[in-house]
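Colleague: I am new to this structure and would like a close look at a single part, the nonpolar core and the aromatic rings within it. Could you take me through that part slowly, with each term explained as it comes up?

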Amino acid sequence: MLIQLALGTLLVTSLLGCAGLPTHSNPPRHLDEVFVKDFRSIAPLDCTTADVALTHTEAATFFSRARVLSSRQIADNYPVAPCFVEGTLLADGERCDWRITAAATGFIRCGPNEWHFACDDCDELFSD
């Protein structure tokens, strides 16, 4: 009985947690004012600014070429990079945050919405 109660509590807690997840709308159609603000690395000896040294224009190019994928598709099919650049942009007129990793993956976050991207045609953006 105690196990059933614990499992029931876990199920209810999980369902309540899911209810608070953000809703996802269609990805933005028009991106403007793409600005690179920062570089970050959790492994500074292995992943440096040279690995993801994008200009404002190159960051905009990344998003124009990249495909929108689920976070699961990104996790299952692309490597994890320990460094990234991040910045802001206007997505359909709304100020949003973005991140692009050295693995040519990234995301745009506008309020509660987040879209994940991967670019298989961006090698020249990430080479010296």
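Modeller: What follows starts with the chain as a whole and then turns to the core, its ring pairs and a few residues outside that topic.

This is a predicted model, in which local features need pLDDT of at least 70 and side-chain atom pairs count only at pLDDT 80 or more, while totals for chains, interfaces and linings use all residues. Residues are numbered from 1 along each chain as its sequence is written, and side-chain values use heavy atoms, with hydrogens and water left out.

The chain holds three helices and six strands (DSSP runs numbered from the N terminus, helices being H or I of at least four residues and strands E of at least two). Read from the N terminus, these elements follow the order α-β-α-β-α-β-β-β-β. Of the 128 residues, 34% count as buried, where buried means under 20% relative accessible area, exposed over 50% and partly exposed in between, with a 1.4 Å probe and protein chains only.

In soluble globular proteins, nonpolar side chains tend to be buried together. Here the largest nonpolar core has 24 residues, and those with the most contacts inside it are Phe62, Phe63, Leu89, Trp98, Ile100, Ile108 and Phe126; such a core is a set of buried Ala, Val, Leu, Ile, Met, Phe, Trp, Tyr and Cys residues joined through side-chain atoms within 4.5 Å. At least two residues of this core come from each of α2, β3, β4, β5 and β6, and β3 gives the most, with four residues.

The rings deserve their own paragraph. A search of the whole structure finds four aromatic pairs (rings of Phe, Tyr and Trp, the last by its six-membered ring, pair if their centres lie within 6.5 Å, and planes under 30 degrees apart count as stacked, over 60 as edge-to-face and the rest as tilted). In one of these, the ring centres of Phe62 and Phe126 are 6.4 Å apart and the planes stand at 85°, so the pair is edge-to-face. This pair links distant parts of the chain, since Phe62 belongs to helix α2 (residues 56-65) and Phe126 to the segment after β6 (113-118), 64 residues apart. Both Phe62 and Phe126 are buried. The rings of Phe63 and Phe117 likewise form an edge-to-face pair, because their centres are 5.1 Å apart and their planes at 80°. With Phe63 in helix α2 and Phe117 in strand β6, the pair ties together parts that are 54 residues apart in sequence, and Phe63 and Phe117 are both buried. Through ring pairs, Phe62, Phe63, Trp98, Phe117 and Phe126 are linked into a cluster.

Strand β6 also contains His116, which is buried, with a relative accessible area of 18%. His116 and Arg67 are 49 residues apart in sequence, yet 8.2 Å apart in space, C-alpha to C-alpha.

Two residues away from this topic may also catch the eye in the backbone. Glu33, in strand β1 (residues 31-41), has a positive phi of about 45° although it is not a glycine, and Glu33 is partly exposed, with a relative accessible area of 42%. Asp92, in the loop between β3 and β4, has a positive phi near 50° and is also a residue other than glycine; Asp92 is partly exposed, at a relative accessible area of 47%.
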